[in-house]
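Let's take a walk through this structure together. Have a look at it first, and then we'll go from its pockets to its strands and its cysteines.

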Amino acid sequence: MARYLISFNDGAMDHIPAEDWPDVGKASHAVVQEAINAGVWVFGGGLERQRASIVATDGSVTDGLYPETKEVIGGFAVVEVPTREEALTWAARIAAGCRCAQEVRELMADPETDEMIRRARRG
């Protein structure tokens, strides 16, 4: 199994009229429920529109995006599925529900972190 990040850029849903938002919410939540029922949903959500805080390696904090950043994530889902094709299928369902295109990227596997989580859950 692999984990995939399915995301869309901030502003990707700006074309949706205010009166359509209840239907978009229902459709989006229906897809989330399908993914939960299928056992592939890991986590996801929308991001508030706000300036990012940048925390440096020394712990200092500055506000704002990196100057070279042109796009930021507006929302995301993480699914765990056996193939990229299945991730693309879930992305298509999410795109239909959210009424905006989705980007799909595989997350790097980290067996050591997965083992740490398993040990912590066992108590």
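Start with helix α1, which gives the most to the lining of the largest pocket, with 7 residues. Keep in mind as you look around that this is a predicted model. The space in that largest pocket comes to about 500 Å³. Its lining is made of 29 residues, and those nearest the centre are F8, M13, G46, G75 and C98. If you'd like to know which elements the lining draws on, β1 (2–9), α1 (21–38), β2, β5 and α2 (84–98) each give two or more residues to it. Sorted by class, the lining of the largest pocket has 14 nonpolar residues, 12 polar ones and 3 charged ones.

There's a second largest pocket too, with a volume of about 240 Å³. Here 11 residues do the lining, and L47, E48, Q50, V72 and I73 sit closest to the centre. The lining of this second largest pocket splits into 5 nonpolar, 2 polar and 4 charged residues.

Now for the strands. In what order do the 4 strands of the open sheet lie? Reading across, you go β2-β5-β1-β6, and the pairing is antiparallel. At the edges you'll find β2 (41–46) and β6 (103–106), each of them pairing on one side only. From one strand to the next, the twist averages 20 degrees.

Zoom in on one edge of that sheet, where β2 meets β5. Strand β5 covers residues 73–81, and 5 bridges join it to β2, with the two running antiparallel. For a spot to point at, find F43, which stands opposite V78 in β5.

Let's finish with the cysteines, and go back to C98, one of the residues nearest the centre of the largest pocket. How many disulfides are there? The count comes to 0, and C98 helps show why: its closest cysteine sulfur, in C100, is 5.1 Å away, which is too far for a bond. A disulfide would need the two sulfur atoms within 2.5 Å. Looking from the other end, C100 has its closest cysteine sulfur in C98, again at 5.1 Å and too far for a bond.

Are these two cysteines buried or exposed? C98 has 10% relative accessibility, so it counts as buried. C100 is buried as well, with a relative accessible area of 7%. The cut-off behind both calls is that buried means under 20%.

Conventions:
Residues are numbered from 1 along each chain as its sequence is written. This is a predicted model: local features need pLDDT of at least 70, side-chain atom pairs count only at pLDDT 80 or more; totals for chains, interfaces and linings use all residues. Side-chain values use heavy atoms; hydrogens and water are left out. Buried means under 20% relative accessible area, exposed over 50%, partly exposed in between (1.4 Å probe, protein chains only). Two strands pair if DSSP finds at least two bridges between them. Axes are lines fitted to C-alpha atoms, for helices over the stretch in contact, and angles run from 0 to 180 degrees between N-to-C directions. On a 1 Å grid over the protein atoms alone, a cavity is a set of points where a 1.4 Å probe fits but cannot get out, and a pocket is an open set with protein on both sides within 12 Å along at least five of seven lines; lining residues have an atom within 4 Å of a point. Grid points are joined across faces, edges and corners, and a volume is the space filled by probe spheres set on the points. Ala, Val, Leu, Ile, Met, Phe, Trp, Tyr, Cys and Pro count as nonpolar, Asp, Glu, Lys and Arg as charged, and the others, Gly among them, as polar.
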